[in-house]
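The following exercises ask for a careful reading of one structure. Each task is followed by a solution in steps.

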Amino acid sequence: MPQAKKYLTANTSYPHPHLGKMVADVLKQQGKSKMELARLLGISQSSVMQYFKQHSIQFSILWNIGIALQYDFLALLCNHYPPN
């Protein structure tokens, strides 16, 4: 049985956002398909689907998705920081 990842189970009042869901939401807002994002990134549609399931996405991948969608995910992430 795989061990739970500590960063996903940490008992904090400000858990990090689910990045895969964030990307999927932006894609939906823009009215683009998973296939279109896959084509823009030069990867398979199944890889895009895997990104949507991930709580955490490697920074370089998120960067490339942001460029492909012309969307600033870093600004969106800043909105999720704790107020302190």
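**Exercise 1. The nonpolar core**

Task: Determine which residues of the largest nonpolar core touch the most other members, and which helix supplies the largest share.

Solution.
Step 1. A nonpolar core is a set of buried Ala, Val, Leu, Ile, Met, Phe, Trp, Tyr and Cys residues joined through side-chain atoms within 4.5 Å. Buried means under 20% relative accessible area, exposed over 50%, and partly exposed in between (1.4 Å probe, protein chains only).
Step 2. The largest such core has 17 residues, and those touching the most other members are Val23, Leu37, Ile57, Leu62, Ile65, Leu69 and Phe73.
Step 3. At least two residues of this core come from each of helix H2 (19-29), helix H3 (34-41), helix H4 (45-53), helix H5 (59-69) and helix H6 (73-78). H2 gives the largest share, 5 residues.
Step 4. Leu62 is in contact with Val23, Ile57, Phe73 and Leu77, if its neighbours within four places in sequence are left aside. Contact means heavy atoms within 4.5 Å.
Step 5. As a general rule, nonpolar side chains in soluble globular proteins tend to be buried together.

The model is predicted: local features need pLDDT of at least 70 and side-chain atom pairs count only at pLDDT 80 or more, while totals for chains, interfaces and linings use all residues. Residues are numbered from 1 along each chain as its sequence is written, and side-chain values use heavy atoms, with hydrogens and water left out.

**Exercise 2. The chain as a whole**

Task: State how many helices and strands the protein chain has, and what percentage of its residues count as buried.

Solution.
Step 1. Helices (H or I, at least four residues) and strands (E, at least two) are DSSP runs, numbered from the N terminus. The protein chain has 6 helices and 0 strands, in the pattern α-α-α-α-α-α along the sequence.
Step 2. The chain has 84 residues, of which 24% count as buried.
Step 3. About 6,200 Å² of the protein chain is exposed, and carbon and sulfur atoms supply 55% of that area. Such areas come from the Shrake-Rupley method with a 1.4 Å probe; for residues, only the protein chains shown count as cover.
Step 4. Among contacts with a separation of 6 or more, 65% join residues 24 or more positions apart.

**Exercise 3. Helix packing**

Task: Describe how H3 packs against H5 and how the axes of H3 and H4 cross.

Solution.
Step 1. Two packed helices are described by the angle between their axes and the distance between the axes. Axes are lines fitted to C-alpha atoms, for helices over the stretch in contact, and angles run from 0 to 180 degrees between N-to-C directions.
Step 2. The angle between H3 and H5 is about 110°, and their axes are 10 Å apart. H3 is therefore roughly perpendicular to H5, a description used for angles of 65 to 115 degrees (under 35 is roughly parallel, over 145 roughly antiparallel, and the rest oblique).
Step 3. On the H3 side, Leu37, Leu40 and Leu41 meet Asn64, Ile65, Ala68 and Leu69 of H5. Leu41 is partly exposed at 22% relative accessibility, and its C-alpha atom is 7.1 Å from that of Ile65, 24 residues apart along the chain.
Step 4. The axes of H3 and H4 come within 8 Å and cross at roughly 105°, so these two helices are also roughly perpendicular to each other. Lys34, Met35, Leu37 and Ala38 of H3 make this contact with Gln45, Val48, Met49 and Phe52 of H4.

**Exercise 4. A salt bridge**

Task: Identify the residues of the salt bridge and state where they lie.

Solution.
Step 1. A salt bridge is a side-chain nitrogen of Lys or Arg within 4 Å of a carboxyl oxygen of Asp or Glu. The structure holds 1 salt bridge.
Step 2. The partners are Lys21 and Asp25, with the closest N and O atoms 3.0 Å apart.
Step 3. Both residues lie in helix H2, 4 residues apart, about one turn of the helix.
Step 4. Lys21 is partly exposed, at 49% relative accessible area, and Asp25 is partly exposed at 32%.

**Exercise 5. The loop between H5 and H6**

Task: Characterise Gln70 and Tyr71 in the loop between H5 and H6.

Solution.
Step 1. Gln70 is not a glycine, yet it has a positive phi of about 55°. Its relative accessible area of 73% makes Gln70 exposed.
Step 2. Tyr71 is partly exposed, at 28% relative accessibility.
Step 3. Apart from neighbours within four places in sequence, Tyr71 is in contact with Val26, Gln30, Gly66 and Leu76. The C-alpha atoms of Tyr71 and Val26 are separated by 8.2 Å, although the two residues are 45 residues apart along the chain.
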